Amino acid sequence: MLALQKQARRAPGTRLSIRSDLPGFKVADARRMLAGLPAPGDYRVVIKPLRYRTRPSLSALCEFDLGRIILRLPEPFQPFDELVYYSARRKPGAGMRFAWAAEKVRFRTRRDVLRFLYCHEWLHWYLREMQ
């Protein structure tokens, strides 16, 4: 009976399928960083480097036709600030005009970036696959 209760509490597919194409970044590190976050069903998570010229930025992609979520970590990594838009309000008048609400977010570690990007792309997955 106890084993059945434990199995019922365990969500199906909680193991993430992760691949890292980032040199020196192990899959075990990614698993630790993403621990406690929901799994995207049968989608694979791919971590790739994001090369930049002047400053780091955020970049991720959810490929629905291939069943994978791509997270790009800035390489080389250094702490950075990014303006994150979280809401919009329609402006009165003709046309589709919006007043965007944004906040500057500080990303101090790779873990911060990875978790933020994963949660954002997981939401896209959830809205597409679960609704």
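**A predicted chain, one step at a time**

Q: What percentage of the 131 residues in the chain is buried?
A: This is a predicted model. Buried here means under 20% relative accessible area. Among the 131 residues of the chain, the buried share is 29%.

Q: How much area does the chain expose, and what share of it do carbon and sulfur atoms supply?
A: The chain exposes about 9,100 Å². Carbon and sulfur atoms supply part of that area, and their share is 53%.

Q: In what order do the elements of the chain run from the N terminus on?
A: The chain has three helices and six strands. A helix comes at the N terminus, and a helix closes the run. Written out, the order is α-β-α-β-β-β-β-β-α.

Q: In what order do the four strands stand in the open sheet?
A: Strands of a sheet pair through backbone hydrogen bonds, either parallel or antiparallel. In this open sheet the pairing is mixed. The edge strands are β1 (17-20) and β3 (59-63), each pairing on one side only. From one strand to the next, the twist averages 20 degrees. The order is β1-β2-β4-β3.

Q: In which sense do β3 and β4 pair, and over how many bridges?
A: Strand β4 covers residues 68-74. S59 stands opposite R72 in β4, and E63 stands opposite R68 in β4. The sense is antiparallel, and the number of bridges is five.

Q: Which residue takes a positive phi in the hairpin of β3 and β4?
A: This hairpin has four residues between the strands. One residue has a phi near 70 degrees, and that is G67.

Q: Which strands of the sheet does helix α3 touch?
A: Helix α3 (residues 110-129) packs on the sheet. Its direction makes about 155 degrees with that of β4. The strands touched are β2 (44-50), β3 and β4.

Q: What span should α3 have, at 1.5 Å a residue?
A: Helix α3 has 20 residues. Its end C-alpha atoms are 28 Å apart, which agrees with the expected span of 28 Å.

Q: Within what arc do the buried residues of α3 fall?
A: V113, L114, L117, Y118, E121, W122 and W125 are buried in α3. Seen down the axis, these buried residues line one face of the helix, because they fall within an arc of 150 degrees.

Q: Which elements are included in what covers the buried residues of α3?
A: The cover includes one helix, α2 (27-33). It also includes the strands β2, β3, β4, β5 (80-90) and β6 (98-107).

Q: Is K26 buried or exposed?
A: K26 sits in the loop between β1 and α2. A residue over 50% relative accessible area is exposed. K26 has 58% relative accessibility, so K26 counts as exposed.

Q: How far apart in space are K26 and I47?
A: In sequence, K26 and I47 are 21 residues apart. From C-alpha to C-alpha, the distance in space is 9.8 Å.

Q: Which residues does P49 contact, leaving aside its neighbours within four places in sequence?
A: P49 lies in strand β2. At 24% relative accessibility, P49 counts as partly exposed. P49 and D21 are 28 residues apart in sequence and 7.2 Å apart in space, C-alpha to C-alpha. The contacts of P49 are D21, L22, L73 and E75.

Q: Of the contacts with a separation of 6 or more, what share comes from residues 24 or more positions apart?
A: The contacts counted here join residues with a separation of 6 or more. Residues 24 or more positions apart account for 60%.

Note on methods: Residues numbered from 1 in each chain as written. Predicted model: local features only at pLDDT ≥ 70, side-chain atom pairs only at ≥ 80, totals over all residues. Heavy atoms only, no water. Pairing = 2+ DSSP bridges. Helix = DSSP H or I, 4+ residues; strand = E, 2+ residues; numbered from the N terminus. Axes fitted to C-alpha atoms, helices over the stretch in contact; angles between N-to-C directions. Contact = heavy atoms within 4.5 Å. Buried < 20%, exposed > 50% of the residue type's maximum accessible area, 1.4 Å probe, protein only. Areas by Shrake-Rupley, 256 points an atom, 1.4 Å probe, with all protein chains shown as cover. Expected span 1.5 Å × (residues − 1). Arc of directions from axis to C-beta.
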